[in-house]
Amino acid sequence: MRVMVLVKATKDSEAGTMPSMELLTAMGKFNEQLANAGILLTGDGLKASSQGKRVAFGGPGRTVIDGPFAETRELVAGFWLWQVKDMAEAVEWVKRCPNPMLGPSEIEIRPLFEAADFASS
Amino acid sequence: MAASETHQAIETVFRIERARLLSGLARMVRDVSLAEELAQDALVVALSEWPKTGVPQNPGAWLMVAAKRRAIDGFRRDRMLARKHAEIGRDLEDERDTSVGDIEAAMDDDLGDELLGLIFTACHPVLSREARAALTLRLIGGLTTDEIARAFLLNEAAVAQRIVRAKKTIAGAGLRFEVPRGGDRMERLASVLEVVYLIFNEGYAATAGEDLIRPGLCAEAQRLGRILAGLMPDEPEVFGLLALMEIQASRLSARSAADGSFISLTEQDRARWDQLLIRRGLAALERAKALGGADGPYALQGALAACHAHARKAEDTDWKRIASLYDALRVVMPSPVVDLNRAVAHSMAFGPEAGLMLIEGIDCADALRDYAPLPAAKGDFLFRAGRLAEARVQFERAASLSRNAREKAFLLGRAEACGG
């Protein structure tokens, strides 16, 4: 199965604080482990939401909203796409991730729809 | 956390570490079955310790230490293994007091080498192709015997027997679980890649509605290919094979219709091809080329797959490039099937006569005597050349050879279209 692993934003990431050298090195090593285990498909870090835009949909209307956005905890600061055997494997790999932020932070794991999910419908 | 959750977490950690653990242990005790037992023992210890202590910082190293201690205890206890004891026991005694930290450092150094050694051993040419595939899935992929049996449509006892025999053969041949460095390295590598591609193709051949473990073999093979690419970053054919698998896998969901029937490459909805896998495949192909391996059999097949991936519509396919890739492929991988595909490519690039000229040469190849695609291709060339009566004979012959009802109907339809 494929999962998207979402690193949630924090005040620091939203403020555009760049990660420390130590964190970059540790993340590099973790990424290498993921690649060597054959599970890493792709991944990247995202700039703060102040650099982002939203497009709101309502009927035929399209409204463009400029960042930054509130609800920091709901924002995404980075992502990976992994191919794993099951959610348990994804969870164990996420536990091995170095703390992605300076302070407390969260990583969310979401399975992707697969062809098999559509087979029965 | 509930006890059952803790157990599940421990078992998942074990699953992640298992191949590394086995490769370190197998090299130490030079016996796959014993390595498996020791690893299992280490899991039992973890299941009793970790719920109290929590999962250690480096669970892999912890499990390795636990397994090594079991090995030493086992050697001490068991007089039957006196010979082995004399052979390796001393080394083990020396390691008796090794700390997790030491092992951790050693594992990071040998990490790749030991795992690669296990892969090369599981894929050793002394074993049959089928045994190699089963053992690789068991040891590296961590599949159970039952899963392997279901994946290959075999009965479980037969697979178990195959694995037991393979382990005995490895022990009998005195293999040392090392990565070949000398003159036989290329041959041994070819054997590894062959096994990975065999696993991939078995998954690719699965049809809709079958046990999901079968198409799952594609993912298993891709994972193996990615692991190999990490462990052997300088081997062009590893990247050639990875490119081939990633690009072929990009079409997995586009190749079957809602009713489960097969959709040919030219008929597929290309918007459904997985662009991420295509990009990964193209990157692997670039890597193979950069390493000087553009002409390897897998890199050439990867390049062929890439030609289709590059074409947004079937009509955009660069058949001249495909024809020239087949010209190169038949040199490094001679086979009548490659020759047949080459004839088809030339017919698409240069017209039906070009195809007919090339197909004459393979017409009488024994290997393809009852191979439906041969007369089907010939019929297609003749049809496009306007030689309808001859085309009809070929389509009818192809239909009579086909064992697939849908394909048979399709070929009879083409025969019908030739008129009478």
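This is a short walk through a two-chain model, taking chain B, then part of chain A, and then the contact between them.

Before I begin, please keep in mind that what we are looking at is a predicted model.

Let me start with chain B, whose secondary structure comes to 19 helices and zero strands. Of the 420 residues in this chain, 50% are buried, and when we take the contacts in chain B with a separation of 6 or more, 64% of them are between residues 24 or more positions apart. The accessible surface of chain B comes to about 19,900 Å², and carbon and sulfur atoms account for 51% of that surface.

As one local example in this chain, I would point to B:G296, which you will find in the loop between helix 12, residues 275–290, and helix 13, residues 297–310. Is this glycine buried or exposed? B:G296 counts as buried, because its relative accessibility is 13%, and buried here means under 20%. The C-alpha atom of B:G296 is 7.1 Å from that of B:V332, although these two residues are 36 positions apart along the chain.

Turning now to chain A, I would like to look at strand 3, residues 53–58, which pairs with strand 4 in the antiparallel sense over six bridges. Within that pairing, A:A56 has A:T63 of strand 4 as its bridge partner. The two strands form a hairpin with two residues between them, and in the turn A:G59 has a positive phi of about 55°.

Strand 4 covers residues 61–66 and includes A:V64, a residue that counts as exposed because its relative accessibility is 55%, where the cut-off for exposed is over 50%. Together with A:V55 and A:F57, A:V64 makes a nonpolar surface patch of about 320 Å².

That brings me to the place where the two chains meet, and here the contact takes 23 residues from chain A and 22 residues from chain B. Between them the chains bury about 1,700 Å², with 50% of that area on carbon and sulfur atoms. Which three residues supply more than any others of the area that chain A buries against chain B? They are A:N36, A:K85 and A:R96, which supply 29% of it.

Finally, there are six salt bridges between chain A and chain B. One salt bridge that you may wish to locate in the structure joins the side chains of A:E89 and B:R15, with an N to O distance of 3.7 Å.

Note on methods: Residues are numbered from 1 along each chain as its sequence is written. Chains are lettered from A and ligands numbered from 1 in the order in which they are written. This is a predicted model: local features need pLDDT of at least 70, side-chain atom pairs count only at pLDDT 80 or more; totals for chains, interfaces and linings use all residues. Side-chain values use heavy atoms; hydrogens and water are left out. Helices (H or I, at least four residues) and strands (E, at least two) are DSSP runs, numbered from the N terminus. Buried means under 20% relative accessible area, exposed over 50%, partly exposed in between (1.4 Å probe, protein chains only). Contact means heavy atoms within 4.5 Å. Accessible areas come from the Shrake-Rupley method with a 1.4 Å probe; for residues, only the protein chains shown count as cover. Patches are made of residues with over 30% relative accessible area and no salt bridge: like charges are joined within 9 Å, nonpolar side chains (Val, Leu, Ile, Met, Phe, Trp, Tyr) within 5 Å. A salt bridge is a side-chain nitrogen of Lys or Arg within 4 Å of a carboxyl oxygen of Asp or Glu. Two strands pair if DSSP finds at least two bridges between them. Buried area is the accessible area (1.4 Å probe) that two parts lose on being put together, summed over both.
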